[in-house]
Amino acid sequence: MKFDPFNNRVCRDIRNGLSKGLMDALRNKDLKAVHTLAAKYLAQGVEPYQKKYIEGRLGGYEKVLAGIRRLDPDDVYDIALKLWDAELFYEVHEYLEFYWKQASGANREILQALIRAAGTYIHLEQGNVKGAANMAAKAVKILEKKVSRALLPGYLDLGLLLVKLRNLDPVAPKLIRRI
């Protein structure tokens, strides 16, 4: 079986619980609570594909948190792109949504476009090409704007992201430019 939070309640609970735990861990710079939650899920006797998902997420979270400990915690884009490059697209969505709700104007629009870009890869992971195409088109429309290019950080490889979204490339781009 495949990990499918769209059609399986246990998968959805695992995904949402771990992601919420990561949001707390990003603020606290500590994954202890996430490990406790993961252990709780594993103790319930989850299916092998669910166990694989949990273990994969924990590995990604460890990697991201180790990198974030050295960053400016106020750099929303840097943290979001670290999550993106670790292919934690649902977590990118959850992380940026908090800031999107507080933003206004062009900044709000850009955050929504990046949430949709992450949503594109969430849908592609599930084989939902129609949903991915819809998300990608909406994201591209905003990210192509001149104002978007001016407000996004230079270390985000926007050109690569736009190409991948336009082509619905299932291989997600790494977005942090290596300068």
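Arg57 touches Leu18, Glu87, Leu88, Tyr90 and Glu91, when residues up to four places away in sequence are not counted. The model in which these contacts are found is a predicted one. Arg57 is found in helix 3, and at 12% relative accessibility it counts as buried, because the limit for that class is under 20%. Among the residues it touches, Glu91 has a particular part: Arg57 forms a salt bridge with Glu91, and the closest N and O atoms are 2.9 Å apart. Arg57 lies in helix 3 and Glu91 in helix 5, so the pair ties together parts that are 34 residues apart in sequence. Glu91 is buried, as Arg57 is.

This pair belongs to a wider set of charged contacts. The structure holds 10 salt bridges. In one of them, the side chains of Asp169 and Lys164 meet, with 2.9 Å from N to O. Asp169 counts as partly exposed, at 23% relative accessibility, whereas Lys164 is buried, with a relative accessible area of 15%. Elsewhere, Lys20, Asp24 and Arg27 are joined into one network by salt bridges that share partners. Within that group, the side chains of Lys20 and Asp24 meet at 3.6 Å, N to O. How far along helix 1 are Lys20 and Asp24 separated? Because they are 4 residues apart in helix 1, about one helical turn separates them. Lys20 is exposed, with a relative accessible area of 55%, while Asp24 is partly exposed, with a relative accessible area of 28%.

From the charged residues the description turns to the nonpolar interior. In soluble globular proteins, nonpolar side chains tend to be buried together. The largest nonpolar core here has 63 residues, and of these Leu18 and Leu143 touch the most other members. The elements that give two or more residues to this core are helix 1 (9-28), helix 2 (32-43), helix 3 (48-68), helix 4 (76-85), helix 5 (89-102), helix 6 (105-125), helix 7 (129-143) and helix 9 (158-166). Helix 6 supplies the largest share of the core, 10 residues. Leu18 has already appeared in this account, as one of the residues that Arg57 touches.

Leu143 offers a second point of entry to the core. Apart from its neighbours within four places in sequence, Leu143 is in contact with Ala113, Leu114, Ser148, Arg149, Leu152, Leu158, Leu161, Leu162 and Leu165. Several of these names return where two helices pack together. Ala136, Ala139, Val140 and Leu143 in helix 7 meet Leu158, Leu161, Leu162, Leu165 and Arg166 in helix 9. By class, this contact of helix 7 with helix 9 has 8 nonpolar residues, no polar ones and 1 charged residue. The two helices, 7 and 9, pack at an angle of about 150°, and their axes are 9 Å apart. The crossing by which helix 7 passes helix 9 is left-handed.

Helix 4 is another contributor to the core, and it is mostly covered, with 9 of its 10 residues buried. The buried residues of helix 4 are Val76, Tyr77, Asp78, Ile79, Ala80, Leu81, Leu83, Trp84 and Asp85. Against which helices do these buried residues pack? Their partners are helix 1, helix 3, helix 5, helix 6 and helix 9. Ala80, found in helix 4, gives a detailed view of this setting. Ala80 is buried, with a relative accessible area of 4%. Not counting residues up to four places away in sequence, Ala80 touches Val92, Tyr95 and Leu96. Ala80 and Val64 are 16 residues apart in sequence, and their C-alpha atoms are 9.8 Å apart in space. Helix 4 is followed by Glu87, whose phi is positive, near 60°. Glu87 is also one of the residues that Arg57 touches.

The account ends with a residue from the start of the chain. Asp4 lies in the segment before helix 1. Asp4 is buried, with a relative accessible area of 17%. Leaving aside neighbours within four places in sequence, Asp4 is in contact with Cys11 and Gln126. The C-alpha atoms of Asp4 and Ser148 are separated by 33 Å, and the two residues are 144 residues apart along the chain. Ser148, for its part, is one of the residues in contact with Leu143.

Technical notes: Residues are numbered from 1 along each chain as its sequence is written. This is a predicted model: local features need pLDDT of at least 70, side-chain atom pairs count only at pLDDT 80 or more; totals for chains, interfaces and linings use all residues. Side-chain values use heavy atoms; hydrogens and water are left out. A nonpolar core is a set of buried Ala, Val, Leu, Ile, Met, Phe, Trp, Tyr and Cys residues joined through side-chain atoms within 4.5 Å. Buried means under 20% relative accessible area, exposed over 50%, partly exposed in between (1.4 Å probe, protein chains only). Contact means heavy atoms within 4.5 Å. A salt bridge is a side-chain nitrogen of Lys or Arg within 4 Å of a carboxyl oxygen of Asp or Glu. Axes are lines fitted to C-alpha atoms, for helices over the stretch in contact, and angles run from 0 to 180 degrees between N-to-C directions. A crossing is left-handed if the near helix is turned anticlockwise from the far one by less than a right angle, and right-handed if clockwise. Ala, Val, Leu, Ile, Met, Phe, Trp, Tyr, Cys and Pro count as nonpolar, Asp, Glu, Lys and Arg as charged, and the others, Gly among them, as polar.
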